[in-house]
Amino acid sequence: MDQNRQGARASYVALSVFVAGWILLPSAVRRLNREAFVEFQAPALHLVGKSRDLATFWEKKSRGSEELVAAGRDLARINAALELKLKGMEDVRRENTRLREVTRYNVPAEYLSVVARVATRDSSSWWQRIVIRKGRNDGIRPGAPVVFGDTVVGRVTAVHLTTSEVDLVTSPGFRCTAYLEGDDQNRIVLINGVAANSLGTAKARVCVIPYDYLLPAGTPARVTTTGMGGVFPSGLTLGYLDGGAYATQVGNFKESLLVPSRDLYNLQEVSVLVPIIQTPGEALMQGDQFQ
Amino acid sequence: MGWAWLILLLATYPWLLGADLAGDTLASSSLVVFVSGTCLIAPSRRLKRWQCVLFAAGLGFLFEARRPIPDGTLALTLVAVAIFLSSNRPLLRSTPRMLQGAAVVNVGACLVWYLAAAFASDAPSDGAAGHLFGQLLLAGVVGTLGLVPVALTQNAVMDRLGLPPAPDVP
């Protein structure tokens with residue numbers, strides 16, 4: 001019994017020494033350790049994701065041929081309408097290029113779109129994340145914006161070999177600038193993720209809303225990205241203002257909540273917009289990617 | 001057998017993955033299905049102390065790897081718990097005691113990672129108390145209900161590895 005107690009005491013002492021050493025260790029060692037455990041789990045996440053895809057495949061394969069013919073017909077109609085739109089866009093693009101040349105306007109960042117399947121979703125008060133099945137091997141870099149259609153999903157926070165972690169718009173670590181629909185002066189507001197302390201849908205906070213801003217009547221106000229800061233392209237939808245805006249304690253500005261325009265936890269696939277040329281913001285993110 | 005802890009960790013991993021998948025379905029409610037504390041109970045009765053320590057560290061690091069929790073917080077907490085449990089094996093001498101232990105360890109470890117994540121996050125913690133209560137309640141329920149299947153799997157693996165059985169009486 002005495003030997004057991006002595007052994008336990010020695011173990012506690014060894015643990016205390018290890019804790020001190022762990023705190024003093026260079027952060028690179030801790031990152032390496034974390035990365036090793038992430039890579040250990042990556043094959044299982046891929047397997048889970050692929051099993052889901054297989055289940056969806058068989059579910060779709062079991063559908064009748066009439067249903068498929070109807071879906072094909074609908075797609076052909078949509079394609080025809082989109083082709084018409086595309087031709088109109090070509091004229092707009094030429095005009096846009098000409099005007100940029102005339103005004104010597106800075107060319108906005110160009111992005112390479114990488115489509116990725118969602119492996120898992122993970123959410124707590126202090127983080128709301130999805131893990132996607134594309135990583136460093138596919139050219140994804142930390143800080144890259146993640147979208148679905150014209151809707152912002154979040155931003156890549158950590159990149160591993162074959163997987164990446166994406167902080168959602170509602171996650172406490174998320175920050176960006178935005179414009180509000182109905183504000184003719186295009187004044188900038190700030191979007192911050194907040195801790196999700198309820199069992200309902202997570203929301204973000206919209207700060208620095210000008211005091212004289214009035215919500216458009218009838219429809220919820222759309223919140224769009226500004227394109228400033230070089231992370232998100234401009235004009236993407238972040239979500240909608242939830243109800244009214246309330247005055248802050250100081251009283252100079254108003255605040256409101258942002259409801260994402262899609263259910264971010266039901267997405268199966270997203271696009272990562274990887275800047276073709278590395279942006280300064282991205283370079284800053286690289287030292288921070290394992291947090 | 002020196003590598004018993006690693007083999008046992010690999011055998012326990014499907015339960016951790018299952019908990020992550022359950023958390024995936026609960027994602028919209030911002031709750032995490034946490035079972036790492038429960039997974040530590042059965043091995044603490046049979047593994048040697050140093051093996052139990054390595055097993056606990058592995059459990060903790062696996063949970064922390066993809067989450068913004070300060071490095072090593074949960075792993076080192078579980079290591080301390082592993083030292084305590086493997087030094088006081090009579091505490092886990094019967095199934096009811098093991099169930100109690102699973103609930104206490106799982107809730108305690110859940111509290112540790114929740115507070116560590118709150119400390120690391122710069123978001124204000126308004127209204128966090130209610131959510132913390134819900135999270136701890138879930139950890140307690142999952143920890144208690146999950147013990148029997150997890151322990152059955154782990155005991156089967158430990159039997160195959162030829163580890164000595166745990167004494168049922170102090």
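**Cavities and cores in a two-chain predicted model**

About 50 Å³ of space lies in the second largest cavity, and I would like to begin there, keeping in mind throughout that what we are looking at is a predicted model. The residues that line this second largest cavity are A:Arg30, A:Asn33, A:Arg34 and A:Phe37 from chain A, together with B:Phe61, B:Glu64, B:Ala65, B:Asp71 and B:Gly72 from chain B. Two elements, α2 of chain A and α4 of chain B, each give two or more residues to that lining, and α2(A) gives the most, with four residues. By character, the lining of the second largest cavity divides into three nonpolar, two polar and four charged residues.

Let me now turn to the largest cavity, which has a volume of about 270 Å³. Its lining is made up of 21 residues, and those that lie nearest the centre are A:Gln41, A:Asp122, B:Leu16, B:Asp20 and B:Arg67. If you follow the elements on the structure, you will find that α2 (27-61), β1 (111-123) and β2 (128-132) of chain A, along with α1 (4-25) and α4 (49-64) of chain B, each supply at least two residues of the lining of this largest cavity. Which element gives the most to that lining? That is α1(B), with five residues. The lining of the largest cavity holds eleven nonpolar, four polar and six charged residues. With the cut-off set at 30 Å³ or more, the count comes to four cavities.

From empty space I move to the packed parts. In soluble globular proteins, nonpolar side chains tend to be buried together. Here, the largest nonpolar core has 73 residues, and the ones with the most contacts inside it are B:Ile41, B:Leu47, B:Phe55, B:Leu59 and B:Trp113. At least two residues of this core come from each of α1 (2-24) and α2 of chain A, and likewise from each of α1, α3 (41-46), α4, α5 (73-87), α6 (95-120) and α7 (128-160) of chain B. The largest share, eleven residues, comes from α7(B). Because domain 1 (2-47) and domain 3 (111-291) of chain A both give residues to this core, it lies between them.

B:Trp113 deserves a closer look, since, not counting residues up to four places away in sequence, B:Trp113 touches A:Ser124 and A:Trp127 in chain A, as well as B:Val32, B:Phe34, B:Phe63, B:Ile69, B:Leu74 and B:Gln135 in chain B. There is also a second, separate core of 22 residues, and among its members are A:Val169, A:Ala178, A:Val231 and A:Leu236.

Next comes B:His131, which sits in helix α7 of chain B. Is B:His131 buried or exposed? With a relative accessible area of 4%, B:His131 is buried. Leaving aside its neighbours within four places in sequence, B:His131 is in contact with A:Ser125, A:Ala196, A:Asn197, A:Ser198 and A:Leu199 on one chain, and with B:Ser29, B:Ser30, B:Leu31 and B:Tyr114 on the other. The C-alpha atoms of B:His131 and B:Ser29 are separated by 9.9 Å, although the two residues are 102 residues apart along the chain.

I will finish with two residues of chain A and their backbone angles. A:Asn186, in the loop between β6 (175-180) and β7 (189-193) of chain A, has a positive phi of about 50 degrees although it is not a glycine, and A:Asn186 is partly exposed, with a relative accessible area of 44%. A:Val208, in strand β8 (residues 204-210) of chain A, has a positive phi near 55 degrees, and at 27% relative accessibility A:Val208 counts as partly exposed.

Terms used: Residues are numbered from 1 along each chain as its sequence is written. Chains are lettered from A and ligands numbered from 1 in the order in which they are written. This is a predicted model: local features need pLDDT of at least 70, side-chain atom pairs count only at pLDDT 80 or more; totals for chains, interfaces and linings use all residues. Side-chain values use heavy atoms; hydrogens and water are left out. On a 1 Å grid over the protein atoms alone, a cavity is a set of points where a 1.4 Å probe fits but cannot get out, and a pocket is an open set with protein on both sides within 12 Å along at least five of seven lines; lining residues have an atom within 4 Å of a point. Grid points are joined across faces, edges and corners, and a volume is the space filled by probe spheres set on the points. Ala, Val, Leu, Ile, Met, Phe, Trp, Tyr, Cys and Pro count as nonpolar, Asp, Glu, Lys and Arg as charged, and the others, Gly among them, as polar. A nonpolar core is a set of buried Ala, Val, Leu, Ile, Met, Phe, Trp, Tyr and Cys residues joined through side-chain atoms within 4.5 Å. Buried means under 20% relative accessible area, exposed over 50%, partly exposed in between (1.4 Å probe, protein chains only). Domain bounds come from an automatic or database domain assignment. Contact means heavy atoms within 4.5 Å.
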